[in-house]
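Here are a few short exercises, each with a worked solution. Take a look at the sequence and the 3D view, then work through them one step at a time.

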Amino acid sequence: MAKRIRYEDRNPEPLMEASLRVKSFREYAFGYSVPLALDEAQRCLFCKDADQRCIKGCPIGVDIPGFIKKITEGDLIGAYKKIIEADPFPSICGRICPQERQCEGSCILYYDTVRGKRNKGLPVSIGALEKFVGDFARISGIRIERERPKPTGYKVAVVGAGPAGLACAYDLALLGHEVHVFEALSKPGGVMAYGIPHARLPRDILDGCIKELRDLGVKFFFGYVVGETVKLSQLLEEYHAVFLGVGAGRGSLGIKGDHLKGVYSAIEVLTRVGLYRADQFPNSAMPVDLGKKTAIIGGGFTAVDCAITALRLGVETHVVYRRTRETSSARQEEWDHIREEGAIIHWLTQPIEILGDDKGKVIGLKCIKMALGEPDESGRPRPVPVEGSEHIIECDSVIFAIGQKANPIAYKDLPGLELTKWGTLKVDENLRTSIKGLFAGGDVVNGGDTVVRALAEGRKAAKSIHRFLIEEVKL
Ligand code: FAD
Ligand code: SF4
């Protein structure tokens, strides 16, 4: 049968209808059925090596044409095996990677269209296909049997159970090392557990990934705030190596009125709901009060996740961003999703002051309209204020979803540890810090990126730690 190549008709992932999805935190993207996945897989051109831009666009280097080929052959176990050679958590990455900036943004179908060479239309839905394969393996209980490695006698401490720490722990355990993960919160997953709403990443998927680690012998210690409960220097003495994957979870406020009652950091709101289920209050122990109207400041993943959360709490939701949709770092389709769900998005709008009543309670957000000026250092047009355009968005709460920073609590008392001028940890190309035996990766190093980049750095650090143990510690 002749190979069918259709460029324009990418298969969208079926979604729950907007009026229904705002009523609950259930996942709203249903995923491909088998016929849809087979149809989408057949759109891939299987470019030859030099053209495989999609693989280069994936921070963890999934063999994308390789796994898609297996789908077209009906070999879903083969497709799963291909993906997990690079990415240990396909059901997660397929759901939450910003694919349009990564693998799909590099797909030749799309790339040729953007540069006007050929009109080939939209990229292959790599993320949805990866989710399909990951879910197939998960739901059918497929496990790739691995020989249990012989214990090496080396002990490694991993600080932080976010994607960087989990990937590092996973690979170290596969190499036979004893791995102990120390996590400040009561659950593992980092932003995947406390930040990303259940509607985008159901927690049973995360639980399945954690179970794989536990089955490999990784031990978790929760409620351990390294730097407080136990010092990093102590871990460096007790373990042969330490990996720091503590993320960049410290939010920042910073305009007049940010002390008022009703002002939140995004992480506080998301953690209350994502981890402690404030949406189920009083059936859960944790409330969150955003009032009737909230204004969310920011234009990245965090702002969109706050909007998804606020909408599902039944709150009128405004998102205020000083730049445009095209220059925002959130996923483009998610802007469409929250708009369909009723969010009111104020592009090119800069908040200047939070207004309060005489009881110190938020009543509004004073803003000014912006216009696009000359490009700034990042190459994006610099927003400049439009004179006389001040206005007030009435609201009962304000959520700051900007400026996540590394929290130095874990390493603040470690003399000799070098930081960059942005306050992130300084590492070399092997993710070694300036302290012998201490490695780091993920947001604490890159200042805030993506889950898949944190996974990739966790894996890279595991390789580097392994070399260090064998070549320098030498039991
Ligand atoms: P984290 O995920 O932050 O994990 C760090 C862990 O370390 C946490 O569990 C924390 O509790 C723990 N920790 C911190 N300090 C200590 C200490 N002193 N002792 C012990 N433990 C400690 N990326 C995407 O690719 N797709 C998305 O859709 C997406 N959405 C996002 C939504 C939000 C709200 C946010 C904030 C980020 C989002 N990102 C997304 C970015 C992505 O989540 C991060 O880049 C990624 O989680 C970084 O991984 P990490 O392991 O470095 O850190
Ligand atoms: Fe794309 Fe993420 Fe999968 Fe890589 S891991 S192929 S970036 S969806």
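**Exercise 1.** Find which residue forms a salt bridge with R272, and work out where the two lie.

*Solution.* Start with the partner: R272 forms a salt bridge with E268, and their closest N and O atoms are 3.1 Å apart. A salt bridge here is a side-chain nitrogen of Lys or Arg within 4 Å of a carboxyl oxygen of Asp or Glu. Next, place the pair: R272 and E268 are four residues apart in helix α13 (residues 266-274), so about one helical turn separates them. Helices (H or I, at least four residues) are DSSP runs, numbered from the N terminus. Last, check exposure: R272 is partly exposed at 22% relative accessibility, and E268 is partly exposed at 33%. Buried means under 20% relative accessible area, exposed over 50%, and partly exposed in between (1.4 Å probe, protein chains only).

A word on the source: this is a predicted model, where local features need pLDDT of at least 70 and side-chain atom pairs count only at pLDDT 80 or more, while totals for chains, interfaces and linings use all residues. Residues are numbered from 1 along each chain as its sequence is written, chains are lettered from A and ligands numbered from 1 in the order in which they are written, and side-chain values use heavy atoms, leaving out hydrogens and water.

**Exercise 2.** Now try helix α17 (residues 451-473): locate R453 and E457 in it, and decide whether E457 is buried or exposed.

*Solution.* First, the contact: the side chains of R453 and E457 meet in a salt bridge, 3.0 Å from N to O. They are four residues apart in the helix, about one turn. Then the surroundings: R453 is partly exposed at 31% relative accessibility, whereas E457 is buried at 10%.

**Exercise 3.** Trace the salt bridge of K131, and find the network to which K131 belongs.

*Solution.* Begin with the pair: K131 bridges to E13, with the closest N and O atoms 2.6 Å apart. This pair links distant parts of the chain, 118 residues apart: K131 is in helix α8 (residues 126-139), and E13 is in the segment before α1 (18-21). K131 is buried, with a relative accessible area of 3%, while E13 is partly exposed at 23%. Now widen the view: salt bridges link E13, E27, R95, K131, D135 and R138 in a network.

**Exercise 4.** How many salt bridges does the structure hold?

*Solution.* The count for the structure is 31 salt bridges. As background, side chains of opposite charge can pair when their charged atoms come close.

How values were computed:
Helix = DSSP H or I, 4+ residues; strand = E, 2+ residues; numbered from the N terminus.
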